[in-house]
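Here's a chat between a learner and a teacher about how to read a structure. Have a look at the picture and the sequence before you start.

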Amino acid sequence: MTNTWTDIGNADLVLVMGGNAAEAHPCGFRWVTEAKSENKARLIVVDPRFTRTASVADYYAPIRTGTDIAFLGGLINYLIDNDKIQHEYVRNYTDVSFIVSEGFSFEDGLFSGYDAEKRTYTDKSGWTYELGEDGYAKVDPTLQHPRCVFQLMKQHYSRYTPELASQICGTPVDRMLKIWEEIATCSTPGKTMTILYALGWTQHSIGAQIIRTAAMVQLLLGNVGMPGGGVNALRGHSNIQGLTDLGLLSNLLPGYLTLGLDAEQDYSTYIAKRSPKPLRPGQMSYWQNYGKFHVSLMKAWYGPAAQAENDWCFDYLPKLEYGGAGYDVLRMFDMMSRDEVNGYFCQGFNPLAALPDKNRVVKSLARLKWLVVMDPLQTETSEFWRNHDEFNDVDTASIQTEVFSLPTTCFAEEDGSLVNSTRWLQWHWKAADGPGESRPDIWIMSGLHTRLRELYRTEGGVFPEPILNLHWPYKVAHEPSAEELAKEFNGYAVTEVTDANGNLVARPGQQLGAFSQLKDDGSTASGCWIFCGSWTEQGNLMARRDNSDPYHMKQHQNWAFAWPANRRILYNRASADPQGKPWSERKKLVWWDANAKGWTGTDVPDYNASIDPEAGMNPFIMNPEGVARFFAVDKMAEGPFPEHYEPFETPIGVNPMHPKNRKVISSPAARVFDSVWESLGTADEFPYAGTTYRLTEHFHYWTKHCKLNAIAQPEQFVEIGEVLAREKGIAAGDRVRVSSKRGHIEAVAVVTKRIRPLQVNGQVVHQVGIPLHWGFTGVAKPGYIANTLVPYIGDGNTQTPESKSFLVNVEKV
Amino acid sequence: MATQDIIARSATTTPAPSIRQVEEVAKLIDVSKCIGCKACQVACSEWNELRDEVGSNHGTYDNPIDLTADSWTVMRFTEHEKDDGDLEWLIRKDGCMHCADPGCLKACPSPGAIVQYANGIVDFNQDKCIGCGYCVTGCPFNVPRISQDDKKAYKCTLCSDRVSVGMEPACVKTCPTSAIVFGSKDDMQRHADERIADLKSRGYEHAGLYDPDGVGGTHVMYVLHHADKPSLYAGLPDQPVISPMVSLWKGITKPLALLAMGAAVLGGFFHYVRVGPQRVEEEQDEPTVEPAAHQQDPAVQTYDPKQP
C-alpha cells in the first residue's frame with residue numbers, strides 16, 4: 001500500500017475493484033466502515049460478482065473478468081475529456097510535460113520494437129524521452145508538443161470511448177458513467193479517493209498493467225501522496241509483504257535489489273545500470289545510492305569475505321537465465337516436467353493446490369527425485385503421490401519421488417515479525433510450543449546449512465565458496481534467534497561509520513539508525529536496507545504499540561515500524577503544493593515550515609527534509625525523473641501505456657480494441673511455454689467466463705484443516721447466475737461439473753442473483769464463480785483442486801498466474 | 001449476575017426480588033455494517049466450546065443452514081431485488097432476541113429452567129431443563145434447539161458469563177466492522193439513531209430500529225435498511241408475538257383445568273354422598289321368574305308405597 005490501513009478512514013471515496021476487501025480483509029475493512037460512518041465516505045464496488053463488499057457498498061457495477069484496463073482506460077479518457085484533473089498537481093508532479101522520443105509508436109495494438117517470433121519487445125529504444133545536450137529529458141510545460149506525454153496519453157485513451165469500454169466490459173454505460181462522474185469529483189484538491197485492490201487485478205496476464213492504469217487515474221486526480229488516497233494493494237497473506245521485501249522471489253535480492261542477468265558479469269556495469277542519474281535538474285533519483293545498499297547486503301551475507309578487491313563477492317551471486325523473470329514458480333515447474341530439477345524444497349507453500357493446471361503440476365512433481373515439504377499442515381503437495389479417488393487420481397506405483405515431510409511451527413510458536421500490506425513490521429512473541437516434533441523453519445534451514453557446510457569443508461565439491469564463506473556469526477549455529485536476524489536486517493556498523501562531515505555515526509558493532517547511513521565502502525552491513533531503522537540502538541521499534549494519533553489524522557507514528565524510515569504514507573511531499581503548502585487544510589500531511597527551514601508534519605517526510613521548495617525537487621524521489629510516470633518508459637513488458645488485451649481464454653474470441661489484428665487478441669508480451677498452447681480452450685467448447693476467488697470463512701487451503709472454519713463453509717461450491725442455471729436446468733444445491741480444457745471439478749451449485757449475464761461485444765457472456773478452498777486433506781468435505789481449471793500462463797512482468805479469467809463449461813451431474 | 005437479579009423464572013409464581021436496580025443491556029446489530037464474515041459464529045463457538053457437525057452446502061452461503069444446539073448464532077443471507085432492478089444482499093445474524101416478554105420462559109413447564117435477569121438477559125439453566133421443547137414452540141423467532149446428546153435446550157446466552165464480569169459478549173468483541181455493539185439499551189438506541197440518520201442520508205428512506213413491541217421490546221436489536229419490511233431479512237417476523245397457544249396453555253388453561261379437576265373431585269364427592277357408591281343393579285328390563293316355590297298369583301295386587 002502507498003498509504004496505510006488506518007488512513008483509509010480519511011478517504012472521501014473508496015473504490016474497491018480487482019479485489020473483495022470485506023471478504024478477504026474483514027479486519028482491515030473496518031477502516032472502510034470507519035470512513036463511511038465517520039467521514040461520510042461513499043463506497044463503490046466494481047466486480048464480476050456482487051460480493052460481500054458490494055453488500056455494504058453505496059453503488060455496485062458488474063464487470064467482465066479481465067477487462068479492467070478498458071474500464072480504467074475509459075475513465076482516463078473521461079477525466080481528460082471533462083477536464084476533471086488536478087491541474088497543478090499533474091503539471092508539476094507528473095511527466096505530462098516530458099517529450100517522448102520519435103522512435104516511439106503505437107499501431108494496431110503493438111508498440112514499436114516488437115519481435116513476433118520471440119513474443120517480446122526486443123527493441124525498447126523508442127520507449128524513452130528526448131534528451132537534451134545536458135543529458136536531461138526535454139520538457140514542454142505548455143503541454144502542446146505533439147509528442148509530450150500528455151498529448152500521447154490523451155490520444156492513446158481517446159480510443160476508450162464509453163461505448164467501446166462498455167462493449168468490452170459488459171458494464172452498462174449508464175452505470176459506468178455514474179461511477180466515473182463520482183470518481184471525477186475527487187479531482188478537487190482535498191477530496192480524495194482511495195483504491196483498494198488485490199488479486200482480482202494481479203492474477204491476469206496483463207495484471208501489472210491493470211494496476212498501472214489505476215495509478216494513472218490516481219495521479220490525474222492528485223490522490224497519490226494524500227491522506228485517504230493512494231494505490232493500495234491489499235496483500236493476500238499476513239507476511240507476503242515480508243516475503244517480497246526480503247527478496248524471496250527468484251529474481252530479487254532483499255530490499256527490491258535485483259539479481260544480475262547472465263549478461264551482467266561485470267560488477268560496475270551491474271551497479272551503474274541500477275543507479276540512474278537524475279533526468280531533470282535538481283531531482284534526487286534516490287536509487288543512485290543502489291551501490292550502498294548492495295555492498296551493505298553483501299557484507300551482511302559474506303562478512304569479512306566480501307571486499308572491494310573481489311567486488312564484494314559479486315561472483316557468488318547466481319545470474320539469471322531467461323531474462324529478468326528468472327526462475328519464477330511457473331518456470332520451475334515447467335523445468336521440473338522436463339527433468340531439469342532433481343529436488344525441491346517446498347516451504348510453507350502448497351503448489352499442487354495454488355498453481356494453475358493441477359494435473360500438469362502433479363506430473364511435474366512426479367518427475368522430482370526428492371521433495372521436502374516443510375509445513376505445519378499435511379498439504380495436498382505432501383500427498384501428491386497418494387491416490388485420493390477422483391480428487392487426486394494418480395497411480396502411486398509409478399511415482400518414484402522420495403517425499404520428506406518436516407513439520408514446522410506456526411507464527412504463534414515463534415518470535416519474529418510480520419510485514420503487513422501497509423509496510424508495518426510488527427513484532428510478535430512466541431505464545432506456545434509447537435506440537436509434536438514440529439521445529440521452526442530457521443532451525444531446519446540452519447541445521448541443513450551447517451551440515452552442508454561441514455560436508456563441503458571435509459569432502460570438497462563444486463564451487464563451495466558461497467556456502468563456506470556465508471557469514472554465520474550467530475550464538476547457536478544451528479538456531480539463529482529471530483532477534484539476531486532482525487538486527488542483521490536492520491544493519492550495523494562493521495567498522496567505524498562517519499557521516500559526510502567526518503562525525504562519528506556508529507562504532508563497530510552498533511546498530512545503525514537509518515539507511516542514509518549505509519555506505520559502499522564495506523563499513524556497513526544491512527540484510528535489508530528498507531528495514532534499516534527497525535532495530536536501532538534504541539531497541540526493537542517493531543515492538544512498539546503506542547496507538548496515539550496526536551494530529552487526528554489516523555497517523556500512528558509510534559505503532560511498530562513502517563518501512564522506509566517509518567514513513568507511513570509514501571510520496572507524502574505530493575500532499576503539498578510546489579511552494580510547500582498543503583493542497584488542503586483538511587488533508588494536511590507534510591508541509592514546509594519556513595521558520596524552522598525544514599519539512600514537518602504528521603508523517604516522516606518522504607523527501608529531503610531540509611530542502612527548500614524553491615529548489616524544485618519533486619516528490620517522486622525514487623524516479624530519475626523526480627515525477628510520477630504516465631509514460632512507463634521501458635519498465636513494462638507490454639508497453640509504456642497500458643492497453644486492453646483479452647485474457648488468453650476469451651469468451652468473445654476477439655479484441656474489440658483491434659478487431660482485425662489477431663496477433664493482439666491477448667497480451668503479445670506474456671510468456672507462454674510451448675506445451676501450454678494446446679492446453680488452452682476456446683469459447684465454442686467452453687463458453688462461460690470462469691473466475692476463482694476466496695471466501696471470508698477460509699484462508700486458502702489451510703483452514704479446511706480447522707473444524708470451526710469447515711463448519712462455516714463445509715463443502716465445495718460454485719456460483720452460477722440464475723439465468724444460466726435456468727438454461728442448464730440447475731437448481732440451488734444440485735451437483736454440477738465445471739470443466740475447462742485442462743480438467744474438471746465437481747461441486748454444489750449455489751444459484752444466485754448476484755451474477756448477471758453481461759452484454760459483451762454483441763453477445764451474452766455468463767460468468768461462473770469458483771471459490772478455491774477445497775482439496776483432499778483436512779476436515780472439511782473433500783473437494784477438487786479448483787486450480788485444475790486455470791491455464792498455465794502468467795503476467796508479462798511478474799509471471800503471476802492468470803487465475804482470474806479462463807473459460808469453462810458447466811453441466812448438471 | 002446473581003440470583004437477586006432474576007426478575008422472572010419459568011413455571012414459578014413467586015414474586016421477583018426488587019431491591020437491586022440494574023441497568024438494562026442490549027446488543028445492537030447494524031445489518032448495514034455487517035459483511036457476513038461469520039466471525040461472530042466462530043467466536044461464539046469458541047467461547048462456549050461448541051463444535052457443531054461439518055455439514056453440507058445446501059446451495060447458499062448459509063452455513064450451518066440453521067441454528068442448532070451447537071450453533072447458537074448463524075448468518076442468514078437473502079438476495080433482494082429492488083424495484084429499480086438494483087440488488088441488495090441482506091445478511092442478518094440470527095439468534096436469541098432476549099425478549100422483555102420471553103415466550104420461551106412463559107411456555108416452559110420446568111420451574112427455573114429459564115430465567116430472566118433484570119438486565120434483560122434471558123438464560124437457560126440446563127440442569128433444570130426437561131427437554132420438552134415447549135420453549136421452541138413458545139419462541140416467536142424459532143430460536144432454541146434441543147440437543148441430540150443431552151436432550152437439553154440451548155440458545156445464545158448473550159454471554160451472561162462475560163457480561164456478569166463487565167465484559168462484552170464474544171461476538172461483539174470479535175466483529176471486525178463493529179456491526180455488533182453492546183452497552184446499555186439507552187446507549188444502543190442512541191447509537192442506532194445515528195446509524196439510521198446515516199442510512200437515510202444514503203437513500204434508505206425506511207431505515208429504522210427493530211425493537212418489537214409485541215414481545216415488550218428486545219435486548220438484541222437490529223438496525224435495518226428496510227425497517228418497514230423485517231421479513232425481507234430471511235423471515236424476521238414483522239410483528240412478533242408470543243403464540244396465543246402459549247398464553248392459552250400457560251394462561252387460562254391451567255386454572256381452567258384445575259377448576260375442572262376440582263369440579264370433578266367435588267362432583268364425584270357429592271355424587272357419592274347423594275347417590276351412593278355404585279352398586280351393581282339387578283336387571284330391570286326382564287322380570288326373573290322364580291321356580292314353583294314362590295309363584296305369585298297374578299290376580300293378587302301388591303301395593304308399593306314408593307310409587308306415586
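What follows is a set of questions about this predicted model, each with its reply.

Q: Let's start with the interface. How much area do chain A and chain B bury between them?

A: First the general idea: the size of an interface is often given as the accessible area lost when the parts come together. Here chain A and chain B bury about 3500 Å² between them, and 55% of it is on carbon and sulfur atoms. On the chain A side, A:Arg52, A:Leu708 and A:Ile711 lose the most area to chain B, together making up 19% of what that side buries. As for who takes part, 45 residues come from chain A and 40 residues from chain B.

Q: And how many salt bridges and polar contacts are there across the interface of chain A and chain B?

A: The rule finds six salt bridges across it, along with 19 residue pairs in polar contact. On the chain A side, the elements that give two or more residues are helix H2 (30-39), H19, strand S27 (717-721) and strand S29 (743-752). Sort that side by class and you get 21 nonpolar, eight polar and 16 charged residues. For a pair to look up, try A:Arg754 and B:Glu79: they form a salt bridge with their closest N and O atoms 2.9 Å apart.

Q: Can a salt bridge involve more than a pair? Which residues are linked in a network of salt bridges?

A: Look for A:Lys40, A:Asp58, B:Asp30, B:Arg195, B:Asp198 and B:Arg202, which are linked in a network. Over all chains, a search of the whole structure finds 53 salt bridges.

Q: What does a salt bridge inside chain A look like, and where do A:Glu380 and A:Lys704 sit?

A: Their side chains meet in a salt bridge at 2.6 Å, N to O. This pair links distant parts of the chain, with their places 324 residues apart in the sequence. A:Glu380 is in the loop between strand S13 (370-375) and strand S14 (402-407), while A:Lys704 is in the loop between strand S26 (688-693) and helix H19 (707-712). Both A:Glu380 and A:Lys704 are buried.

Q: How do I decide on "buried or partly exposed" for A:Arg737 and A:Glu746?

A: Check the relative accessible area: under 20% is buried, over 50% is exposed, and partly exposed is in between. A:Arg737 has 31%, so this residue is partly exposed. A:Glu746 has 15%, so this one counts as buried. These two form a salt bridge, with the closest N and O atoms 3.5 Å apart.

Q: Let me try that on chain B. Why do B:Arg162 and B:Glu168 get the labels they have?

A: B:Arg162 counts as buried because its relative accessibility is 6%. B:Glu168 counts as partly exposed because its value is 30%. Their side chains meet in a salt bridge too, at 3.4 Å, N to O.

Q: Now a single residue. Where is B:Asn57, and what does B:Asn57 touch?

A: B:Asn57 lies in the loop between helix H1 (39-47) and strand S3 (74-81) of chain B. Its relative accessibility is 5%, so B:Asn57 counts as buried. Leaving out residues up to four places away in sequence, the residues B:Asn57 touches include A:Gln713, A:Phe717, A:Val750 and B:Asn63. Polar atoms of the B:Asn57 side chain also lie 2.6 Å from the backbone nitrogen of B:Gly59 and 3.3 Å from the backbone oxygen of B:Thr60.

Q: Last one: how do I read a helix? How many residues of helix H13 of chain A are buried?

A: In general, an α-helix has 3.6 residues a turn, so residues three or four places apart point the same way. Helix H13 (residues 329-337) of chain A is mostly covered, with seven of its nine residues buried. Among them are A:Leu330, A:Met332 and A:Phe333. The buried residues pack against strand S12 (343-347), helix H14 (351-354) and helix H15 (358-365) of chain A. At the N-terminal end, A:Asp328 acts as a cap, with a side-chain oxygen 3.1 Å from the backbone nitrogen of A:Leu330. Just after the helix, A:Asp339 takes a positive phi of about 60°.

Note on methods
Residues are numbered from 1 along each chain as its sequence is written. Chains are lettered from A and ligands numbered from 1 in the order in which they are written. This is a predicted model: local features need pLDDT of at least 70, side-chain atom pairs count only at pLDDT 80 or more; totals for chains, interfaces and linings use all residues. Side-chain values use heavy atoms; hydrogens and water are left out. Helices (H or I, at least four residues) and strands (E, at least two) are DSSP runs, numbered from the N terminus. Buried means under 20% relative accessible area, exposed over 50%, partly exposed in between (1.4 Å probe, protein chains only). Contact means heavy atoms within 4.5 Å. A polar contact is a pair of N or O atoms within 3.5 Å; within protein, one must be able to donate a hydrogen and the other to accept it, and residues adjacent in sequence count only if both atoms are side-chain atoms. A salt bridge is a side-chain nitrogen of Lys or Arg within 4 Å of a carboxyl oxygen of Asp or Glu. Buried area is the accessible area (1.4 Å probe) that two parts lose on being put together, summed over both. Ala, Val, Leu, Ile, Met, Phe, Trp, Tyr, Cys and Pro count as nonpolar, Asp, Glu, Lys and Arg as charged, and the others, Gly among them, as polar.
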